[in-house]
Amino acid sequence: MTSINHLSSFDFEMMAQALRLAARGQKTCMPNPAVGCVVVKNGRVLGEGWHELAGEDHAEINALKSIGKLSHGATAYVTLEPCSYHGRTPPCVDALVVAGIARVVYGMTDPNPKVSGSGLSKLEKAGILVEGPLLELQAQQLNRGYIKRHKCNQPWVTIKLAMSLDGRTAMGDGESKWITGFHARQDVQRLRAKHCAIITGIGTVLQDNPSLTVRYEEIDRSDGLPNEKRDSSRELSLKQPLRVVVDSKLNTPVDAKILSTTGSVLIASTLISDALGSSKAEIVRVPGNDERVDLSELLKILAERECNNVLVEAGPKLAGAFLQAGLADELVVYVAPKLLGNMARPLFHLPFIHMNQQVELDIIDIGQVGGDLRITARPIKNSAI
């Protein structure tokens with residue numbers, strides 16, 4: 001691959017646009033990576049595309065669709081190395097060659113061993129000038145879960161939390177509706193939509209009886225859902241994240257809301273039983289210690305099921321367990337300008353005694369969502385990207 005030292009500001013601009021396009025597919029292309037493509041010739045954009053839905057055309061194909069013979073001699077800016085094998089769709093490398101693309105600028109190589117450099121090699125062998133990686137860190141950030149799954153056999157784990165200004169998540173009796181405001185709760189729907197699976201604990205199921213589905217009607221089309229050309233029925237048919245209940249002793253009630261809503265449910269237990277009868281939930285036995293599910297093993301199981309990004313929405317015990325086990329990659333904490341008092345429940349159950357047990361965090365972002373704050377932070381020792 002050629003050095004990128006000579007690349008122009010226009011090249012950077014086009015790759016940045018390809019990254020913006022790629023981000024539009026984050027909620028819908030899972031378990032595939034989010035990819036964007038811009039095709040340019042003589043300084044003019046001929047076509048744009050992104051990977052919208054898994055099993056359908058990839059970004060390069062969508063960008064080339066309406067160009068025809070104009071693509072001969074053009075440059076394609078692609079955020080991820082074009083695929084070189086036939087999966088559910090034909091190889092994008094072949095389509096670029098047939099289209100007469102003269103130059104490909106890529107954002108990052110594909111960590112999938114089925115590709116991992118072979119796509120770029122095939123392009124070069126076909127006489128196409130290949131340059132990159134360009135804006136590699138931004139491209140990696142966009143697909144951090146996809147990268148971690150292929151490199152570590154575990155998904156990227158984000159713990160979502162909502163708390164008062166004094167660090168409380170619920171009143172002493174468990175009442176928690178609502179700590180944060182409408183806009184923060186709407187933002188959570190966008191967050192859920194970017195994840196392949198949502199993990200909760202049996203305590204949350206028994207206390208709050210959540211459905212943990214994505215309410216797509218609360219997410220604007222402009223926020224990355226399939227574009228305006230798609231009808232609403234297609235939008236509503238989007239796959240719900242896999243809901244996972246950590247339930248060591250299989251105490252999930254057969255009438256729990258999570259079992260009666262759209263989407264698949266997996267119950268992770270140290271037991272195997274038909275206690276849930278005809279429930280649609282799949283029960284998976286996960287090795288554990290002290291009758292507790294081994295969370296690391298659970299994550300491996302989810303990775304094998306092609307889960308790139310996992311969201312933990314749970315009480316202080318399970319959230320704390322992920323953090324203590326070093327399995328949390330990121331925290332998203334919504335902070336409401338309220339005080340719940342010292343009798344209310346804490347954010348994490350972390351039975352630390354000494355200062356050297358503290359968990360250091362690197363704050364990535366702080367923003368305001370309605371009247372609440374949203375803080376994104378990463379445990380320093382666990383940052384994978």
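**Exercise 1. Contacts along the chain**

Among contacts in the protein chain between residues at least 6 apart in sequence, what percentage join residues at least 24 apart?

*Solution.* Keep in mind that this is a predicted model. Start with the contacts whose partners are at least 6 apart in sequence; of these, 70% join residues at least 24 apart.

**Exercise 2. Overall build**

Work out whether the chain is as compact as a globular protein of its length.

*Solution.* Begin with the parts: the protein chain holds 11 helices and 18 strands. Next, take its radius of gyration, 23 Å, and set it beside the 21 Å that the globule rule gives for 385 residues. The two values are close, so the chain is as compact as a globular protein of that length. To finish the picture, the C-alpha trace spans about 65 × 45 × 40 Å along its principal axes, and 52% of the 385 residues count as buried.

**Exercise 3. Inside the cores**

Find the residues with the most contacts inside the largest nonpolar core.

*Solution.* First, the core itself: the largest one has 42 residues, and those with the most contacts inside it are Val39, Ala76, Ile101 and Val104. Helix H1, residues 9-23, gives the most to this core, with six residues. Now zoom in on valine 39: leaving out residues up to four places away in sequence, its contacts include Leu46, Leu64, Ile67, Ala76 and Ile101. Apart from the largest core lies another, of 35 residues, with Leu161, Ala268, Ile301 and Leu323 among them.

**Exercise 4. Unusual backbone angles**

Locate leucine 250 and glutamate 306, then decide whether each is buried or partly exposed.

*Solution.* Here is a helpful reminder: most residues other than glycine have a negative phi, and most peptide bonds are trans.

- Leucine 250 has a positive phi, near 55 degrees. This residue sits in the loop between strands S9 and S10. Its relative accessible area is 10%, and buried means under 20%, so leucine 250 is buried.
- Glutamate 306 also has a positive phi, of about 65 degrees. Its loop runs between helix H10 and strand S14. Its relative accessible area is 42%, which lies between 20% and 50%, so glutamate 306 is partly exposed.

**Exercise 5. Cis peptide bonds**

Where do proline 31 and proline 133 lie?

*Solution.* Proline 31 is in the loop between H1 and strand S1, and the peptide bond leading to it from methionine 30 is cis, with omega near 10 degrees. Proline 133 is in the loop between strand S5 and helix H5; a cis bond joins it to glycine 132, with omega about 0 degrees.

Conventions
Residues numbered from 1 in each chain as written. Predicted model: local features only at pLDDT ≥ 70, side-chain atom pairs only at ≥ 80, totals over all residues. Heavy atoms only, no water. Helix = DSSP H or I, 4+ residues; strand = E, 2+ residues; numbered from the N terminus. Rg over C-alpha atoms; globule rule 2.2 N^0.38 Å. Buried < 20%, exposed > 50% of the residue type's maximum accessible area, 1.4 Å probe, protein only. Contact = heavy atoms within 4.5 Å. Core = buried A, V, L, I, M, F, W, Y, C linked by side-chain atoms within 4.5 Å.
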